[in-house]
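Visitor: I'd like a close look at a single part of this protein, please. Could you take me through it slowly, as I'm new to this?

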Amino acid sequence: MRFEGTDAYVATDDLAVAVNAAIALERPLLVKGEPGTGKTELARQVASGLGMDLIEWGVKSTTRAQQGLYEYDAVSRLRDSQLGDERVADVGNYIRRGKLWQAFDAGERVVLLIDEVDKADIEFPNDLLQELDRMEFHVYETGETVRARHRPVVIITSNNEKELPDAFLRRCFFHYIRFPDRPTLERIVEVHHPGIKRDLLAEALTRFYAIREQAGVKKKPSTSEVLDWLKLLLAEDLTAEDLRADARHGLPHLHGALLKNEQDVALFERLAFMARGGGR
């Protein structure tokens, strides 16, 4: 069982090595990187490439670790008992299975994605340590112990918004997805926009990397944003010459796909004004 990438996802050699190492070690793969570099999509493509089902657990600021295991709906049980409902005799009727339980109980090995773990409270990762280590947990209301029938491939993503606990990090195989270099990005573009004109792609990527490397940019555009921008350029039937004209006179066409705040737009407007000689 080895992941080598898929037709829809360009996996660099070091990323493929990280995925396969985590599988061999039977440890969660912790993936960090800039937003938009394909961390979430990696889990989907690992599932596709390995022929497994995917279970996604999207973490929010209000998410608790217990929700990944199960939740006991005591309020519904109390209401049903007042109504004389026979279901109250079985407490299992009021247990809602979480994503970890679903992954543990799957009939075949699955990929479990815990997405954006750093959005939750700092204690959230620590609260999952034993369950991810032992691949089991106890359901106190029913007295049963849930054990993984097949150890899932666990992929955890983080946008590096906060530091994760050391005890949690020790139990993971770590990989940082670096922003792709130009040849890799060209391969990624070819997957999403096959047959794009080489001169248009060359000029677009030159403009794109210039924006990313410009000093003072608050929000650097990501891989997903350049793909969106190229999609718009193709839809508008723009040419490499159109982009070169932009470079001489101002902001690139459809820059809203690349620049996501007013400070960055103002920065490039000032640079364009200065390049024109202050309006003279």
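Visitor: Leaving aside its neighbours within four places in sequence, which residues is E203 in contact with?

Guide: Happy to. Before anything else, keep in mind that this is a predicted model. Once you skip the neighbours within four places in sequence, E203 is in contact with A240, L243 and R244. Let's build up the picture around that.

First, where are we? E203 sits in helix α9, which covers residues 198-213. Is E203 buried or exposed? The cut-off for buried is under 20% relative accessible area, and E203 has 15%, so it counts as buried.

Now look at the helix around it. At 1.5 Å a residue, the 16 residues of α9 should span 22 Å, and the end C-alpha atoms are indeed 22 Å apart, so the two agree. E203 has plenty of buried company here: the buried residues of α9 also include L200, L201, A204, L205 and F208. Charged residues turn up in that set too, with R207 and R212 among them. Here's a handy general idea for reading such a list: an α-helix has 3.6 residues a turn, so residues three or four places apart point the same way.

What about the partners of E203? One of them, A240, belongs to the stretch 240-249, which is helix α11. Follow the chain on from α11 and you reach a loop leading to α12 (262-275), and L254 is in that loop. L254 has a phi near 55 degrees, a positive value in a residue other than glycine. At 34% relative accessibility, L254 counts as partly exposed.

Next, step back to the loop between α8 (182-192) and α9, where you'll find H193. H193 is buried, since its relative accessibility is 12%. Its contacts, not counting neighbours within four places in sequence, are L227, L230, K231 and L234.

Those contacts bring us to another helix, α10, made of residues 223-235. Its 13 residues should span 18 Å at 1.5 Å a residue; the end C-alpha atoms are 19 Å apart, which agrees. Two of the residues that H193 touches, L227 and L230, are themselves buried in α10. T223, E225, V226, W229 and L233 are buried in α10 as well. After α10 comes D237, whose phi is positive, near 60 degrees.

For contrast, let's visit some other spots along the chain. L29 lies in strand β1 (residues 29-33), and with a relative accessible area of 1% it is buried. Leaving out residues up to four places away in sequence, L29 touches A18, V19, A22, L42, V154, I155, I156, F173 and H175. L29 and A43 are 14 residues apart in sequence, and their C-alpha atoms are 9.9 Å apart in space.

Then there's Q45, in helix α2 (residues 39-50). Q45 has 10% relative accessibility, so it counts as buried. Beyond its neighbours within four places, Q45 is in contact with F3, T6, A8 and Y9. Take A8 as an example: 37 residues separate Q45 and A8 in sequence, yet their C-alpha atoms are 7.7 Å apart.

One more stop: M135, in the loop between α6 (129-134) and β6 (136-139). M135 is buried, with a relative accessible area of 7%. Its phi is near 55 degrees, which is positive although the residue is not glycine.

Finally, zoom out to the whole chain. There are twelve helices and nine strands in it. The radius of gyration is 24 Å, well over the 19 Å that the globule rule gives for 280 residues, so the chain is more spread out than a compact globule. Along its principal axes, the C-alpha trace spans about 85 × 45 × 35 Å. Of the 280 residues, 45% count as buried, and E203 is one of the buried residues. Contacts that reach across the sequence matter to this picture as well: among those between residues at least 6 apart, 72% join residues at least 24 apart.

As for the outside, the chain exposes about 14900 Å², with carbon and sulfur atoms supplying 48% of it. The chain carries 39 positive and 47 negative charges, and the mean positions of the two sets are 3 Å apart.

Technical notes: Residues are numbered from 1 along each chain as its sequence is written. This is a predicted model: local features need pLDDT of at least 70, side-chain atom pairs count only at pLDDT 80 or more; totals for chains, interfaces and linings use all residues. Side-chain values use heavy atoms; hydrogens and water are left out. Helices (H or I, at least four residues) and strands (E, at least two) are DSSP runs, numbered from the N terminus. The radius of gyration is taken over C-alpha atoms; the globule rule is 2.2 Å times the number of residues to the power 0.38. Buried means under 20% relative accessible area, exposed over 50%, partly exposed in between (1.4 Å probe, protein chains only). Contact means heavy atoms within 4.5 Å. Accessible areas come from the Shrake-Rupley method with a 1.4 Å probe; for residues, only the protein chains shown count as cover. Lys and Arg count as positive and Asp and Glu as negative; His and the chain ends are not counted. The place of a charge is taken as NZ of Lys, CZ of Arg, CG of Asp or CD of Glu. The expected span of a helix is 1.5 Å times one less than its number of residues.
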